[in-house]
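Trainee: I would like to go through this model with you, asking how each term is earned. Shall we begin?

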Amino acid sequence: MPVFDSRSFRDHEQVVFCSDAETGLKAIIAVHSTALGPAGGGIRFWDYAAAHRHVAPGDIAESRGEQDAIYDVLRLSRGMSYKNAMAGLRLGGGKSVIIGNPKEIGTPDLMRAFGRHVDRLSGTYYAAEDVGTSPEMLAAAGESTQYVSGLETGEFGTGDPSPHTALGVFVSIQSAVKHRLGKDSLSGVHVAVQGVGHVGLYLVEHLLKAGAKVTITDIVASNIEAARSKGDVTVVDPVTIHAVDCDVFAPCALGGGLNPKTIPHINASVIAGAANNQLEREGVQDEELRKRSILYAPDYVVNAGGIISVEAEVHREKVSDAEREAKVVRIGNTLAKIFEASDREGRPTGVIANEMAEDIIAKASQKQK
Ligand code: NAD
């Protein structure tokens, strides 16, 4: 099972395979870069073999699942390096995956066993919440190690990152609307929000307060009701949200939403949302969007508000809400630079952002030597 030859391997500093027979833990921790600081990134708990079980016998499905897990952890940890670099943080990039169904095996004992593995890395990697892990699971891991962040309690605990992420998405929309539509205000600007969960709901509040016209969708009725309770929103079917005739499309649900099936139907001038990995293929769909004169704000720059809120916790610093907010608001300036470079060079925004991030990391690596 290749790691160094995996198509998502890019000079990762360290990849650690972890197990615990008693709890059934199988996990991989990938540290992509520590050039800017300790590698920060979430714990993804996912049953990677599930997608293969209906097409392959047991052990082959498990083996393919493991391969997917390696691919995922390498790709996601590199993404964290880029995100943290572009947010101007003193954090490198890392990620971990726990293989299996969290509902079936995600016990406190397993999380404590995982925490012991994180502890052995002595602060090279700081774990946080991600898909499949909850605040309770993070707290259980935190019983075995101090190297967890995003905790709800404790002296430096920063709690739910979603409001900060939503503020980052809001300022990103402001920045993109100014760049593409020449407007300083969102008053009357029509924004279609796909997914009104933790981040999407806070975003809707910001948008309504700014006088934007808001269209939403979700697959969960109670989430739609929660958004309706915030003010005047139009609700559409989940399958049509990307095609709404609007100024801004804000994907705040799952990744992969910008693909050959959806892009031809997008009517917005701007795409800026919280969802991770919105482009099905980096460098391909962002180029298609550029050619269609749709301004794509790179997702990992837009959604860095959450990790910005966590940085101080990793460094055991007390930071006021105002300081944290000021850092989140700077996402808008970073995007403006990306948009200008993309226009100047006639290249997609995603590629420009990656190059800027690689440059920041390379300079920090040079300083370390
Ligand atoms: P969430 O699960 O709370 O919200 C996602 C919402 O999308 C849910 O309400 C869900 O019902 C809805 N949804 C799922 N599939 C849908 C579909 N096909 N059509 C319409 N709605 C659909 O998650 P969240 O914390 O709000 O995060 C949203 C996105 O932002 C995710 O991709 C996440 O990885 C990313 N993100 C979140 C944070 C954070 O601070 N929470 C930080 C960075 C990135």
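Mentor: Gladly. Apart from its neighbours within four places in sequence, Val189 is in contact with Val177, Lys183, Ala212, Lys213, Asp247 and Val248; contact means heavy atoms within 4.5 Å. This is a predicted model, where local features need pLDDT of at least 70, side-chain atom pairs count only at pLDDT 80 or more, and totals for chains, interfaces and linings use all residues. Residues are numbered from 1 along each chain as its sequence is written, and side-chain values use heavy atoms, leaving out hydrogens and water.

Trainee: Why is Val189 called buried?

Mentor: Buried means under 20% relative accessible area, with a 1.4 Å probe and protein chains only. Val189 has 0%, so Val189 is buried.

Trainee: Where is Val189 found?

Mentor: Val189 sits in the loop between H6 and strand S6 (190–194); helices (H or I, at least four residues) and strands (E, at least two) are DSSP runs, numbered from the N terminus.

Trainee: What makes the pairing of His198 with the ligand a polar contact?

Mentor: A polar contact is a pair of N or O atoms within 3.5 Å; within protein, one must be able to donate a hydrogen and the other to accept it, and residues adjacent in sequence count only if both atoms are side-chain atoms. An N or O atom in the side chain of His198 is 2.6 Å from an oxygen atom of the ligand, so the pair qualifies.

Trainee: And which polar atom of Asp218 lies 2.6 Å from an oxygen atom of the ligand, side-chain or backbone?

Mentor: A side-chain one. For Ala274, a polar backbone atom is 3.2 Å from a ligand oxygen atom.

Notes. Buried < 20%, exposed > 50% of the residue type's maximum accessible area, 1.4 Å probe, protein only.
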